[in-house]
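Subject: Structure for you to look at

Hello,

Here is the structure I said I would pass on. Please open it first, then read the notes below with it on screen.

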Amino acid sequence: MQESIAASYLVSLVAGAMAGIAGGVMSTPADVLLTMASTGEVKGSLLDKGMLMLKTEPGSLFRGLGPRCVLFAAIIAGQVGEDKQTKRLSRAPHAPLTRP
């Protein structure tokens, strides 16, 4: 059974959005610490500050998570959709995942 083009795009966009959200969740704590370091909020080791925040106030490592996830989800979903559309328009064959 062949799936419709719309369903295929929807699956790709949802998968891209999910990947973007995962990327946002994974990268937010590091970005929070780097932002704190660049503004001078961190005195001493960045790793020590991160571990202290993780023990005392873990939620503060995820400041700005919502907007970051929305941004990443939109960007990655757009990239996946654009890749799918480019392949469809150029009639490029699907690349095999393994070497023959």
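Start with Gly64, which sits in the loop between helix 2 and helix 3. The model is a predicted one, so please keep that in mind for everything that follows.

Is Gly64 exposed, partly exposed or buried? Its relative accessibility is 47%, so Gly64 counts as partly exposed, given that the exposed class begins over 50%. Gly64 can also be placed relative to Gly24: the two C-alpha atoms are 9.8 Å apart in space, although 40 residues separate the pair in sequence.

The loop between helix 2 and helix 3, the latter covering residues 65-90, also holds Ser60. The relative accessible area of Ser60 is 13%, so this residue is buried; the cut-off for that class is under 20%. What does Ser60 touch, leaving aside residues up to four places away in sequence? The answer is Val32 and Met53. There is also a link to the backbone: a polar atom of the Ser60 side chain lies 2.7 Å from the backbone oxygen of Glu57.

Next, the helices. The protein has 3 helices and 0 strands, and the pattern along the sequence is α-α-α.

Two packed helices are described by the angle between their axes and the distance between the axes. Helix 1 spans residues 5-38 and helix 2 spans residues 46-56. Their axes come within 10 Å and cross at roughly 125°. Why is this pair called oblique? An angle over 145 degrees would count as roughly antiparallel, and 65 to 115 as roughly perpendicular; the crossing is at roughly 125°, and helix 1 and helix 2 are therefore oblique to each other. The crossing of these two helices is right-handed.

Which residues make the contact? From helix 1 they are Leu33, Leu34, Met36 and Ala37, and from helix 2 they are Leu46, Lys49, Gly50 and Met53. By type, these contact residues divide into 6 nonpolar, 1 polar and 1 charged. Met53 has come up before, as one of the residues that Ser60 touches.

Finally, some totals for the whole protein. Of its 100 residues, 21% are buried. Among contacts with a separation of 6 or more, 75% are between residues 24 or more positions apart. The Ser60 and Gly64 loop is a reasonable place to begin looking.

Regards

Key:
Residues are numbered from 1 along each chain as its sequence is written. This is a predicted model: local features need pLDDT of at least 70, side-chain atom pairs count only at pLDDT 80 or more; totals for chains, interfaces and linings use all residues. Side-chain values use heavy atoms; hydrogens and water are left out. Axes are lines fitted to C-alpha atoms, for helices over the stretch in contact, and angles run from 0 to 180 degrees between N-to-C directions. Helices (H or I, at least four residues) and strands (E, at least two) are DSSP runs, numbered from the N terminus. Angles under 35 degrees count as roughly parallel, over 145 as roughly antiparallel, 65 to 115 as roughly perpendicular and the rest as oblique. A crossing is left-handed if the near helix is turned anticlockwise from the far one by less than a right angle, and right-handed if clockwise. Contact means heavy atoms within 4.5 Å. Ala, Val, Leu, Ile, Met, Phe, Trp, Tyr, Cys and Pro count as nonpolar, Asp, Glu, Lys and Arg as charged, and the others, Gly among them, as polar. Buried means under 20% relative accessible area, exposed over 50%, partly exposed in between (1.4 Å probe, protein chains only). A polar contact is a pair of N or O atoms within 3.5 Å; within protein, one must be able to donate a hydrogen and the other to accept it, and residues adjacent in sequence count only if both atoms are side-chain atoms.
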